[in-house]
Amino acid sequence: MKRMGMIFRAKANKALDRAEDPRETLDYSYQKQLELLQKVRRGVADVATSRKRLELQLNQLQSQSGKLEDQGRKALALGREDLAREALSRRAALQQQVTDLETQHATLQGEEEKLTLAAQRLQAKVDAFRTKKETIKATYTAAQAQTRIGEAFSGISEEMGDVGLAIQRAEDKTAQLQARAGAIDELLASGALDDQSGMHKDDIQAELDRLSGGTDVELELQRMKAELAGGGTADRQAIEGGEGQGRTQSQQQPQDTPRFDKQ
């Protein structure tokens, strides 16, 4: 079971590596940092709101404390010491609340300063990460494009590999057809195969046609030489007689053919 689990995790990790795009991962991380920065800013705003609320309460308490102090002076001036004592007692209670609120205000103000400084630092980190993210994305895109171009030139990419295989198959089929056509021609020429169309000649007729064609060429060449040399009618008749003799080469020569002796 442990081995099966390890194999499953290894294959899953490999599949995730193929599916993972570093650019998308960087964008997701940047988005998370922006969300965190937004939360810090909201925290700063909440602390500032609480501080402002304490300041308002402090102002109200200080106003009431001043009013009670005035009332105590007036009561003492009128000879009402009991009223003056009551006013001063209420003022003392308010003063204790003012002290507590001032302590809370100082605490909130310190927290606000800390959160503000943290937000500024986080903002600087987010800006630096954004710059680095864009640089890495551009570098990755350029490297990916160079890799694809290199694979295309070297023929190891999947697309070019398929094209190369198709070209190889086409060349193999072409060579096979050419070899088959050449073999058939040789077999027809040798007479091993019969020509069903009746256009092919047997080997004896082919040899006769070759000899006759060569003789006609030689006789034509002799006639042209005689004409160029300005030969007489006898030469032309001899050549023409030779032509007739070449055309009837397969027949037997007559016995009364004149012979010319060299004098």
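This passage describes the fold, the nonpolar cores and selected side-chain contacts of a predicted protein model.

The protein contains six helices and zero strands. Read from the N terminus, the order of its elements is α-α-α-α-α-α. The chain has 263 residues, of which 14% count as buried. The exposed area of the protein is about 21,400 Å², and carbon and sulfur atoms supply 55% of it. Among contacts in the protein with a separation of 6 or more, 71% are between residues 24 or more positions apart.

Helix α2 covers residues 22-77, a run of 56 residues. At 1.5 Å a residue, a helix of that number of residues should span 82 Å, and the end C-alpha atoms of α2 are 82 Å apart, so the expected and computed spans agree. Just after α2, Gly-79 adopts a positive phi of about 85°. Helix α3 comprises residues 81-154. Arg-85 lies in α3 and is partly exposed, with a relative accessible area of 49%. The C-alpha atoms of Arg-85 and Ala-75 are separated by 8.8 Å, the two residues being ten apart along the chain.

In soluble globular proteins, nonpolar side chains tend to be buried together. In the present model, the largest nonpolar core consists of seven residues, namely Leu-54, Leu-58, Leu-61, Leu-68, Leu-94, Val-98 and Leu-101. Helices α2 and α3 each supply at least two residues of this core. The largest share, four residues, comes from α2. An α-helix has 3.6 residues a turn, so residues three or four places apart point the same way. When neighbours within four places in sequence are left aside, the contacts of Leu-54 are Leu-101, Gln-104, His-105 and Leu-108. One of these, Leu-101, is also a member of the largest core. A second, separate core has six residues, including Tyr-30, Leu-37, Ala-119 and Leu-122.

Tyr-30 also takes part in an aromatic pair. A search of the whole structure finds one such pair. The pair is formed by Tyr-30 and Phe-129 and is stacked, with 6.5 Å centre to centre and 15° between the planes. Tyr-30 lies in helix α2 and Phe-129 in helix α3, so the pair ties together parts that are 99 residues apart in sequence. The two residues fall into separate accessibility classes, because buried means under 20% relative accessible area and partly exposed means between that value and 50%. Tyr-30 is buried, with a relative accessible area of 15%, whereas Phe-129, with a relative accessible area of 22%, is partly exposed. The ring of Tyr-30 has a further partner in Lys-133, which lies over its face at 5.1 Å from the ring centre.

Another lysine, Lys-137, lies in helix α3. Its relative accessibility is 18%, and Lys-137 therefore counts as buried. Leaving aside neighbours within four places in sequence, Lys-137 is in contact with Arg-23, Leu-26 and Asp-27. These three partners belong to the residue range 22-77 of helix α2.

Key:
Residues numbered from 1 in each chain as written. Predicted model: local features only at pLDDT ≥ 70, side-chain atom pairs only at ≥ 80, totals over all residues. Heavy atoms only, no water. Expected span 1.5 Å × (residues − 1). Core = buried A, V, L, I, M, F, W, Y, C linked by side-chain atoms within 4.5 Å. Buried < 20%, exposed > 50% of the residue type's maximum accessible area, 1.4 Å probe, protein only. Contact = heavy atoms within 4.5 Å. Phe/Tyr/Trp six-rings, centres within 6.5 Å; stacked < 30°, edge-to-face > 60°. Lys NZ or Arg CZ within 6 Å of the ring centre and 35° of its normal. Areas by Shrake-Rupley, 256 points an atom, 1.4 Å probe, with all protein chains shown as cover.
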